[in-house]
Amino acid sequence: MKQLSEITKKTKKLVIGLMSGTSADGMDAALVEITDFGPDTKVRQIAFASLPYREEERREILRLAEGKAGGSADLCRFNFWLGQKSLDACRAVCEQAGVGPEEIDLVGSHGQTLYHIPVPEEYLGHSFASTLQLGEASVIAEGLGCPVVGVFRVRDMAAG
């Protein structure tokens with residue numbers, strides 16, 4: 001597994017960004033080259049791939065996102081399934097760009113929003129806003145051998 005301390009020393013980094021949006025139409029992957037840092041940062045898109053979901057996959061995403069059906073077993077399975085779909089998208093964008101997966105330095109994965117409560121609500125004696133994004137980052141990290149930063153919206157919600 002690549003170490004962040006080594007990655008930060010590089011002047012050029014290959015990074016994949018992943019997104020599975022609320023339309024549940026597929027997993028998008030963008031491969032970019034990032035050079036320098038701070039105000040001198042430059043980002044150049046190298047390749048883009050979109051892996052459409054099959055109709056049964058889309059129906060399951062939308063079913064789980066209703067907030068009515070699905071228990072912890074369904075959410076557990078979905079979390080790892082989406083991690084694998086994310087890994088597949090990473091491999092597809094690498095193939096399109098002619099870049100070996102081992103060359104990737106970092107992946108950013110938003111995950112799939114299954115439920116979002118942006119206005120604080122009372123729950124078990126506490127009031128807070130909350131959100132649920134799934135798509136297991138560890139599946140991607142193990143498959144590519146690089147660090148994966150994931151589920152960004154959760155931290156945004158925690159920070160208010």
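**Notebook: surface, fold and salt bridges**

Started with the surface: the protein exposes about 9300 Å², and carbon and sulfur atoms supply 56% of that. Note to self: this is a predicted model.

Next I looked at burial. Of the 160 residues, 37% count as buried. I also checked the box around the C-alpha atoms, which comes to roughly 50 × 35 × 25 Å along the principal axes.

Then the fold. I counted 5 helices and 7 strands. Along the sequence they run α-β-β-β-α-α-β-β-β-α-β-α. For contacts between residues at least 6 apart in sequence, I got 60% joining residues at least 24 apart.

Picked helix 4, residues 137-144, for a closer look. Which of its residues are buried? I found A137, V139, I140, A141 and L144. What do they pack against? My list has strand 1 (12-19), helix 3 (72-97), strand 4 (106-109) and strand 7 (148-150). Just after helix 4 I noted G145, with a positive phi of about 75°.

On to charges. I have 17 positive and 22 negative ones, and their mean positions sit 2 Å apart. Side chains of opposite charge can pair when their charged atoms come close. A search of the whole structure gave me 11 salt bridges.

I pulled up D105 and K10 from the salt bridges, with their closest N and O atoms 2.7 Å apart. Why look at this pair in particular? D105 is in the loop between helix 3 and strand 4, and K10 is in the loop between helix 1 (4-7) and strand 1, so the bridge ties together parts that are 95 residues apart in sequence. I checked the cover too: D105 is buried at 2% relative accessible area, while K10 is partly exposed at 36%.

Second pair: K42 and D36 form a salt bridge, closest N and O atoms 3.4 Å apart. Here I have K42 as partly exposed, at 49% relative accessible area, and D36 as partly exposed too, at 35%.

Third pair: E57 bridges to R54, with the closest N and O atoms 2.8 Å apart. E57 is buried, at 7% relative accessible area, whereas R54 counts as partly exposed at 48%. Which residues are linked with these two in a network of salt bridges? I found E56 and K85, joined with R54 and E57.

Methods:
Residues are numbered from 1 along each chain as its sequence is written. This is a predicted model: local features need pLDDT of at least 70, side-chain atom pairs count only at pLDDT 80 or more; totals for chains, interfaces and linings use all residues. Side-chain values use heavy atoms; hydrogens and water are left out. Helices (H or I, at least four residues) and strands (E, at least two) are DSSP runs, numbered from the N terminus. Buried means under 20% relative accessible area, exposed over 50%, partly exposed in between (1.4 Å probe, protein chains only). Contact means heavy atoms within 4.5 Å. Accessible areas come from the Shrake-Rupley method with a 1.4 Å probe; for residues, only the protein chains shown count as cover. Lys and Arg count as positive and Asp and Glu as negative; His and the chain ends are not counted. The place of a charge is taken as NZ of Lys, CZ of Arg, CG of Asp or CD of Glu. A salt bridge is a side-chain nitrogen of Lys or Arg within 4 Å of a carboxyl oxygen of Asp or Glu.
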